[in-house]
Structures are given as C-alpha cells and as structure tokens.
Amino acid sequence: DESKLSTKAQTYLENLRKKYGDYDFFVSDNLDAAQTTGSSKEYSVIFTTEELEKMAEDDEYAEKVMGNVGKAVDMLKDISEKDLGEGVQFSQLSVSIDDEGNMKLFAQLEKLAEDQAARLEEAKQKRAEEKKEAAENNQPPEKEQSDFTQILFKAADIEAASEEELLAKIFGIDWSQIPEEEAYI
C-alpha cells in the first residue's frame, strides 16, 4: 500500500526508515494480513496509509505516535528476553498502528524439538566453516540439495492489545495442539 501514499507521506516514511534503521516499516491498510510481514529485522512497525498521511501532515501528532511506537518496541524487547519455555523462540515481533492511532502487538513464535535445535546448530556451524573455507580459497561456496538441513517445528501467531494480554496468550499456547511443519535451511 506504500504506492498509495502522497509524496509528502512517502518522504516522511523514508525519513522514518533512516532515523529508525533497526525497525522495518511497512504500510498496509489490512493490518490483520500485515502481521506476517516477513521482516528481515527483529522489529516491524506497520502503519495504515491514513495514519502515515496524518503523521506527515502533523509533526506534533507524529511525535506522539512515534513515542508510543518506541514504548511498544521497548515492551517487545522486554518480552523477547523472557524465557518462553524449552525450544520456544520469537521469529518476529511487530507493532501496528491503525487510522485512529490504536496499537496492536504481534508475535510469531516457533518451537523446535530438542533434537531439532541440536541439528540446526550443527548445520549452522557446518555452513559457517564451509563459508570460511570458501572465502579463504576465494571461491563461492557451492550449494547442493544435500547441503540443506530439514527441521521440524511448530509455529504460532499471537495478536494482543497490551503486554499483559500478549504474555498471557504466549504462555497459554498448547503446543501439543499445533501441527508440526517442516523447513529446509
């Protein structure tokens, strides 16, 4: 939905991206669909086009919203440091702001079985060694199908309006009821 923004709002968004380089900013008028952004950064911030337009026009309002975003990201940082249980980790944390300035928190979690975590760590170490060896020989590492490691995991998406609600939902997940998925890394 970024293409729907006015020039002023697009410029404002670019400035946000420069100022807050450790956040991924997305624009979507469908916040429910936007919760799984596929971000490359640890934290994502999702605005509707209307909210960004409003922020671009009103510096005082924008400052207030970004203050709330900062508080939400600090809250997510605190949450991400909590022990979520054996093999459970965050794959992504997001904050969305709707047209009226209301905030939602999203968390994507993954649970690896103990043996899967060990296999994943071994595969990462092997790839790091291969990459180092290839770099020393000035050759790009070759990738074959056998180079990928299959892992089994369970995934859950959580949405909440507050830190307390998010934590309650996270710790309330019944992982035994979630089917396993497979991935190759």
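Entry 1. Elements

I took helices as DSSP runs of H or I with at least four residues, and strands as runs of E with at least two, numbered from the N terminus. The model I consulted is a predicted one. On that basis I looked up Asp74 and found it in helix 4, which covers residues 59-80.

I then recorded the secondary structure as a whole, which comes to six helices and six strands. Read from the N terminus, I noted the order of elements as α-β-α-β-α-α-β-β-α-β-α-β. I also looked up burial across the protein: of its 185 residues, 37% are buried.

Entry 2. Surface charge

I returned to Asp74 to ask which residues gather with it in a patch of negative charge on the surface. I found Glu42, Asp78 and Glu81 there alongside Asp74. For Asp74 I noted a relative accessibility of 42%, so I entered this residue as partly exposed.

Entry 3. Aromatic pairs

I searched the whole structure for aromatic pairs and obtained four. One of them joins Tyr23 and Phe25: I recorded ring centres 6.1 Å apart and planes at 50°, so I classed the pair as tilted. I noted both Tyr23 and Phe25 as buried.

I next looked up Phe25 with Phe47, which form a stacked pair, with 6.1 Å from centre to centre and 5° between the planes. This pair links distant parts of the chain, since Phe25 belongs to strand 1 (residues 23-27) and Phe47 to strand 2 (residues 43-47), 22 residues apart. I checked the accessibility of each partner. Phe25 has a relative accessible area of 3% and is therefore buried. Phe47 stands at 0% relative accessibility, so I entered Phe47 as buried too.

Which residues make up the aromatic cluster? I listed Tyr20, Tyr23, Phe25 and Phe47 as one cluster.

Entry 4. Salt bridges between elements

Side chains of opposite charge can pair when their charged atoms come close. I searched the whole structure for salt bridges and counted six.

I examined the salt bridge in which the side chains of Lys8 and Glu57 meet, at 3.6 Å from N to O. Lys8 is in helix 1 (residues 7-19) and Glu57 in helix 3 (residues 49-57), so the pair ties together parts that are 49 residues apart in sequence. I noted Lys8 as partly exposed because its relative accessibility is 45%. Glu57, at 54% relative accessibility, counts as exposed; the cut-off that decides this is over 50%.

I then looked up Lys104 and Glu159, whose side chains meet in a salt bridge at 3.2 Å, N to O. What does this pair tie together? I placed Lys104 in strand 4 (residues 103-112) and Glu159 in strand 5 (residues 150-160), so the bridge ties together parts 55 residues apart in sequence. Lys104 is partly exposed at 31% relative accessibility, and I entered Glu159 as partly exposed with a relative accessible area of 27%.

Entry 5. Salt bridge within a helix, and a network

I recorded a further salt bridge between Glu165 and Lys169, with the closest N and O atoms 3.2 Å apart. Why are Glu165 and Lys169 separated by about one helical turn? I found them four residues apart in helix 6 (residues 163-171), which means a separation of about one helical turn. Glu165 counts as partly exposed at 30% relative accessibility, as does Lys169 at 37%.

I also noted a network: Glu2, Glu14 and Arg17 are joined by salt bridges that share partners.

Entry 6. Separations in sequence and space

I looked up two pairs of C-alpha atoms.

- I found the C-alpha atoms of Ser91 and Asp157 separated by 9.8 Å, with the residues 66 apart along the chain. I placed Ser91 in strand 3, residues 88-97. At 40% relative accessibility, Ser91 is partly exposed.
- I found Ser3 and Val27 to be 9.1 Å apart in space, C-alpha to C-alpha, and 24 residues apart in sequence. I located Ser3 in the segment before helix 1. Is Ser3 buried or exposed? I entered Ser3 as exposed, because its relative accessible area is 69%.

Technical notes
Residues numbered from 1 in each chain as written. Predicted model: local features only at pLDDT ≥ 70, side-chain atom pairs only at ≥ 80, totals over all residues. Heavy atoms only, no water. Patch = residues over 30% accessible without salt bridge, like charges linked within 9 Å, V, L, I, M, F, W, Y side chains within 5 Å. Areas by Shrake-Rupley, 256 points an atom, 1.4 Å probe, with all protein chains shown as cover. Salt bridge = Lys/Arg side-chain N within 4 Å of Asp/Glu carboxyl O. Lys, Arg positive; Asp, Glu negative; His and termini not counted. Charge placed at Lys NZ, Arg CZ, Asp CG, Glu CD. Buried < 20%, exposed > 50% of the residue type's maximum accessible area, 1.4 Å probe, protein only. Phe/Tyr/Trp six-rings, centres within 6.5 Å; stacked < 30°, edge-to-face > 60°.
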